[in-house]
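Work through the exercises below with the sequence and the model at hand, and try each task before you read its solution.

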Amino acid sequence: MLLFLLTSFICIIILRFIHAVTYIRRGPSGPRFGPRNDKIKHVQNQVDEVIDVMQENITKVIERGERLDELQDKSESLSDNATAFSNRSKQLRRQMWWRGCKIKAIMALVAIILLLVIIILTVVKYRT
């Protein structure tokens with residue numbers, strides 16, 4: 001991206017140089033052509049239009065490059081957030097699994113205790 005911006009900057013400098021050279025040739029008041037040189041005047045006007053269009057295009061390209069940089073920064077931030085979310089969700093999944101295992105172990109222990117109480121009561125009842 002830096003190479004792209006550098007190239008655009010160089011193009012702007014070249015176009016400004018061309019524009020300055022044509023300004024120096026024509027002078028500040030514009031070209032001084034006679035009626036016989038209408039073709040030259042027409043071509044010079046076309047060159048000026050092309051220079052203006054190229055300057056606008058390069059400006060738009062630079063703005064687009066800036067927007068692309070912003071978009072890249074946002075996408076990197078989103079990627080980082082997605083990674084952090086993934087890690088937190090895995091950690092939460094493990095915590096919930098262990099919680100489920102603890103609940104199952106407690107329920108099994110309660111069931112075993114109830115069975116032992118029932119067995120002991122029946123054994124004591126039949127012994128007497």
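**Exercise 1.** Decide whether Leu 121 counts as buried, partly exposed or exposed, and find the surface patch to which Leu 121 contributes.

*Solution.* Begin with the relative accessibility of Leu 121 in this predicted model, which is 56%. Exposed means over 50%, and therefore Leu 121 counts as exposed. Next, place the residue in the chain: Leu 121 is found in helix 2. Finally, look at its partners, for Leu 121 together with Leu 109, Ile 113 and Val 117 makes a nonpolar surface patch of about 370 Å².

**Exercise 2.** Identify the residues that form a negative surface patch, and classify the exposure of Glu 63.

*Solution.* The negative patch consists of Glu 63, Glu 66, Glu 70, Asp 73, Glu 76 and Asp 80. Of these, take Glu 63, whose place is in helix 2, a helix that covers residues 38-127. Its relative accessibility is 38%, and because buried means under 20% and exposed over 50%, Glu 63 counts as partly exposed.

**Exercise 3.** Describe the geometry of the aromatic pair made by Trp 97 and Trp 98, and state how each residue is classified by exposure.

*Solution.* The count comes to one aromatic pair. In this pair, Trp 97 and Trp 98 lie 4.9 Å apart, centre to centre, with 75° between the planes. Since planes over 60 degrees apart count as edge-to-face, the pair of Trp 97 and Trp 98 is edge-to-face. Turning to exposure, Trp 97 has a relative accessibility of 52% and so counts as exposed, while Trp 98, at 51%, also counts as exposed.

**Exercise 4.** Summarise the helices and strands of the chain, and state what share of its residues counts as buried.

*Solution.* The chain has two helices and zero strands. Of its 128 residues, 9% count as buried. The chain exposes about 11400 Å², of which carbon and sulfur atoms supply 66%.

Key:
Residues numbered from 1 in each chain as written. Predicted model: local features only at pLDDT ≥ 70, side-chain atom pairs only at ≥ 80, totals over all residues. Heavy atoms only, no water. Helix = DSSP H or I, 4+ residues; strand = E, 2+ residues; numbered from the N terminus. Buried < 20%, exposed > 50% of the residue type's maximum accessible area, 1.4 Å probe, protein only. Areas by Shrake-Rupley, 256 points an atom, 1.4 Å probe, with all protein chains shown as cover. Patch = residues over 30% accessible without salt bridge, like charges linked within 9 Å, V, L, I, M, F, W, Y side chains within 5 Å. Salt bridge = Lys/Arg side-chain N within 4 Å of Asp/Glu carboxyl O. Lys, Arg positive; Asp, Glu negative; His and termini not counted. Charge placed at Lys NZ, Arg CZ, Asp CG, Glu CD. Phe/Tyr/Trp six-rings, centres within 6.5 Å; stacked < 30°, edge-to-face > 60°.
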